[in-house]
Amino acid sequence: MAKLVREREVLAGQPGPEYWASRLAAGWRLGAVEWVREVDGEGEEARGFAEVPYGLQVAGDCSHLEENRTEKQALILMLRLIRQDEPLSRVAEEMNRQGFRTRQGSKWGIESVFHMLPRLIEAGPGILSSREWELRGLSSS
């Protein structure tokens, strides 16, 4: 089976008939369309793209997700502090003290930590093996 090659081009203007003819002559066929427009403020969110879960990132080959080591360390710290029954305000303080930032580059706050709780529930069991949990003092014993 032939391998598909994909190429993304950012166009400065509207392509004319010559552009399309040259691409078709080179063996390319249209595979997708991405529409872009400017909007004022934060009225519309991007559609069609799923947010990459915290702790993961798009791999270099753009075909799968891989671990983001810094974000994984942030998740581990959050899990440890929550396991120690620390309030979310203390979790946020410690995240900031250790130099962790949100994906937007801002400091952690109670709200941003709160919004991570579903991700912690989802990722928690897979983040560390039971032996790693024991070594980090996170086990229930």
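# A walk through the helices

Start with the whole chain in cartoon view: from the N terminus on, its elements run α-β-β-α-α-α-α. That comes to 5 helices and 2 strands. Keep in mind that this is a predicted model.

While the full chain is on screen, try a surface view. The accessible surface comes to about 11,400 Å², and carbon and sulfur atoms hold 53% of that. Of the 141 residues, 22% count as buried. If you like contact maps, look at pairs with a separation of 6 or more: residues 24 or more positions apart account for 39% of those contacts.

**Into the core.** Select Tyr-54, Met-78, Met-95 and Trp-108 and show their side chains. These are the residues with the most contacts inside the largest nonpolar core, which has 18 residues. Helices α2, α3 and α4 each supply at least two residues of this core, and α2 gives the most, with 7 residues.

Now center on Met-95. What does Met-95 touch, not counting residues up to four places away in sequence? You should find Ala-74, Leu-77, Met-78, Phe-100 and Trp-108 around Met-95.

**Along α3.** Next, select residues 88-97, which make up α3. Color its buried residues: Val-91, Ala-92, Glu-94, Met-95 and Asn-96. As a group, the buried residues of α3 pack against α2 and α4. Step past the end of the helix and you come to Gly-99, which has a positive phi, near 90 degrees.

**Where α3 meets α4.** Add residues 110-127, helix α4, to the selection. At what angle do α3 and α4 pack? The angle is about 105 degrees, and the axes are 8 Å apart. That value falls in the 65 to 115 range, so α3 is roughly perpendicular to α4.

For the side chains at this crossing, pick Leu-88, Ser-89, Val-91 and Ala-92 from α3; they meet Ile-110, Val-113 and Phe-114 of α4. Sorted by class, this contact has 6 nonpolar residues, 1 polar and no charged ones.

**Last stop: a lysine in α2.** Move to α2, residues 69-83, and select Lys-72. Is Lys-72 buried or exposed? Lys-72 counts as buried, because its relative accessibility is 17%, and the cut-off is under 20%. Leave aside the neighbours within four places in sequence, and Lys-72 is in contact with Gly-55, Glu-67 and Ile-127. Show those three together with Lys-72 to finish the tour.

Methods. Residues numbered from 1 in each chain as written. Predicted model: local features only at pLDDT ≥ 70, side-chain atom pairs only at ≥ 80, totals over all residues. Heavy atoms only, no water. Axes fitted to C-alpha atoms, helices over the stretch in contact; angles between N-to-C directions. Helix = DSSP H or I, 4+ residues; strand = E, 2+ residues; numbered from the N terminus. Parallel < 35°, antiparallel > 145°, perpendicular 65-115°, else oblique. Contact = heavy atoms within 4.5 Å. Nonpolar A, V, L, I, M, F, W, Y, C, P; charged D, E, K, R; others polar. Buried < 20%, exposed > 50% of the residue type's maximum accessible area, 1.4 Å probe, protein only. Core = buried A, V, L, I, M, F, W, Y, C linked by side-chain atoms within 4.5 Å. Areas by Shrake-Rupley, 256 points an atom, 1.4 Å probe, with all protein chains shown as cover.
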